[in-house]
Amino acid sequence: PETTVDESARMLKLYQLLATSLADNEIFLFDQDFKIIMTEGSPRYVRLQAEENFVGKNLHELIESGKFAFLKEPVTTLFQSNSRYDSEHEIEGSFYTTAIYAAEHEPAEDKKFIGVLLIKDITALTRKQRELELLNKRIDRSNQELENFAYVASHDLHAPLRKIQSFGKLLSDRYAEALTGQGQVY
């Protein structure tokens, strides 16, 4: 049976809800011929180096020579393995996560596959994470230096205290009878 208008409207609404939920992702839906069915995402910071409507274009042609060319093989093998591919890449100083999924879809008697490509710019998050890692290393180094200082200070303070205790014991042992009441207390 042919997809009904109500079902198409429902699917479009579902897709828009998904796009809203994943607003920081660039989303591409494509069929088994790699023809882009829909694309969504806000802000459109990725857009495969262009600000145009990609619906109807071939996904392979868009990623073939650009900065996302590493996706060509996973996209090609996606429908053969009916699987999922997740990656994180640094490209030209920016960081991206990509996810590719395959799902079976039966709008007619023939089974068709739909692929989903999600691209997310995580540059700001990655830089903040690296800054935190650097700060943690500095804190660890500072803590180690403080521990070393505390150990040395503690050791250095023990020596004079031991000497004071030793001399106090010597005074007490050797000169106890020569000392009067207050002297013995001291």
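Partly exposed means a relative accessible area between the buried range, under 20%, and the exposed range, over 50%. With 44%, Asp86 is therefore partly exposed. Keep those words in mind for the views below, which all come from a predicted model.

**Figure 1. The whole protein chain has five helices and five strands.** Starting at the N terminus, the elements come in the order α-β-β-α-α-β-β-β-α-α. The protein chain has 186 residues, and 25% of them count as buried. About 13,200 Å² of the protein chain is exposed, with carbon and sulfur atoms supplying 55% of that area. Now for the contacts: take those between residues at least 6 apart in sequence, and 43% of them join residues at least 24 apart.

**Figure 2. A salt bridge joins Arg84 and Asp86.** The two side chains meet at 2.6 Å, N to O. Arg84 has a relative accessible area of 54%, so it counts as exposed. Asp86, as we saw at the start, is partly exposed at 44%. This pair is one of three salt bridges in the structure. Here is the general idea behind such pairs: side chains of opposite charge can pair when their charged atoms come close.

**Figure 3. Two more salt bridges, Glu131 with Lys128 and Lys169 with Asp173, sit along helix 4.** Let's take Glu131 and Lys128 to begin with. Their side chains meet at 3.8 Å, N to O. The two residues are three apart in helix 4, which spans residues 123-175, so about one helical turn separates them. Glu131 is partly exposed, with a relative accessible area of 42%, while Lys128 is exposed, at 52%. Further along, Lys169 and Asp173 meet at 3.4 Å, N to O. These two are four residues apart in helix 4, so they too are separated by about one helical turn. Both Lys169 and Asp173 are exposed.

**Figure 4. Ser87 and Thr98 share a polar contact between their side chains.** The distance is 2.5 Å. Ser87 belongs to strand 3, residues 84-91, and Thr98 to strand 4. Are these two residues buried or exposed? Ser87 has 14% relative accessibility, under the 20% cut-off, so it counts as buried. Thr98, at 4%, counts as buried as well. Leaving out residues up to four places away in sequence, Ser87 touches Phe70, Tyr96, Thr97 and Thr98. On the same terms, the contacts of Thr98 include Phe68, Phe70, Leu71 and Tyr85. Leu118 and Ile119 are also among the residues that Thr98 contacts.

**Figure 5. The largest nonpolar core has 18 residues.** Which of them touch the most other members? They are Phe30, Leu59, Phe68, Leu71, Val75, Ile100 and Leu117. Several elements give two or more residues to this core: strand 1 (25-31), helix 2 (59-63), helix 3 (72-81), strand 4 (94-105) and strand 5 (112-121). Apart from this core lies another one, made of six residues, including Ile27, Leu29, Ala99 and Ile114. As a general rule, nonpolar side chains in soluble globular proteins tend to be buried together.

**Figure 6. A close-up of Ile100 and the residues it touches.** Leaving aside residues up to four places away in sequence, Ile100 touches Phe30, Leu71, Val75 and Leu117, among others. Pro74, Leu78 and Val116 are also on the list of residues that Ile100 touches, along with Ser83, Arg84 and Tyr85.

**Figure 7. Leu118 lies in strand 5.** With 11% relative accessibility, Leu118 counts as buried. What does Leu118 touch, not counting residues up to four places away in sequence? The list runs Leu22, Asn25, Glu26, Ile27, Thr97, Thr98, Ala99 and Tyr101. Look for Asp24 too: Leu118 and Asp24 are 94 residues apart in sequence, but their C-alpha atoms are 9.7 Å apart in space.

**Figure 8. Leu132, Leu135 and Ile139 form a nonpolar patch on the surface.** Together these three residues have about 280 Å² of accessible area. Leu135 is found in helix 4. Its relative accessible area is 43%, so Leu135 counts as partly exposed.

Methods. Residues are numbered from 1 along each chain as its sequence is written. This is a predicted model: local features need pLDDT of at least 70, side-chain atom pairs count only at pLDDT 80 or more; totals for chains, interfaces and linings use all residues. Side-chain values use heavy atoms; hydrogens and water are left out. Buried means under 20% relative accessible area, exposed over 50%, partly exposed in between (1.4 Å probe, protein chains only). A polar contact is a pair of N or O atoms within 3.5 Å; within protein, one must be able to donate a hydrogen and the other to accept it, and residues adjacent in sequence count only if both atoms are side-chain atoms. Contact means heavy atoms within 4.5 Å. A salt bridge is a side-chain nitrogen of Lys or Arg within 4 Å of a carboxyl oxygen of Asp or Glu. Accessible areas come from the Shrake-Rupley method with a 1.4 Å probe; for residues, only the protein chains shown count as cover. A nonpolar core is a set of buried Ala, Val, Leu, Ile, Met, Phe, Trp, Tyr and Cys residues joined through side-chain atoms within 4.5 Å. Patches are made of residues with over 30% relative accessible area and no salt bridge: like charges are joined within 9 Å, nonpolar side chains (Val, Leu, Ile, Met, Phe, Trp, Tyr) within 5 Å.
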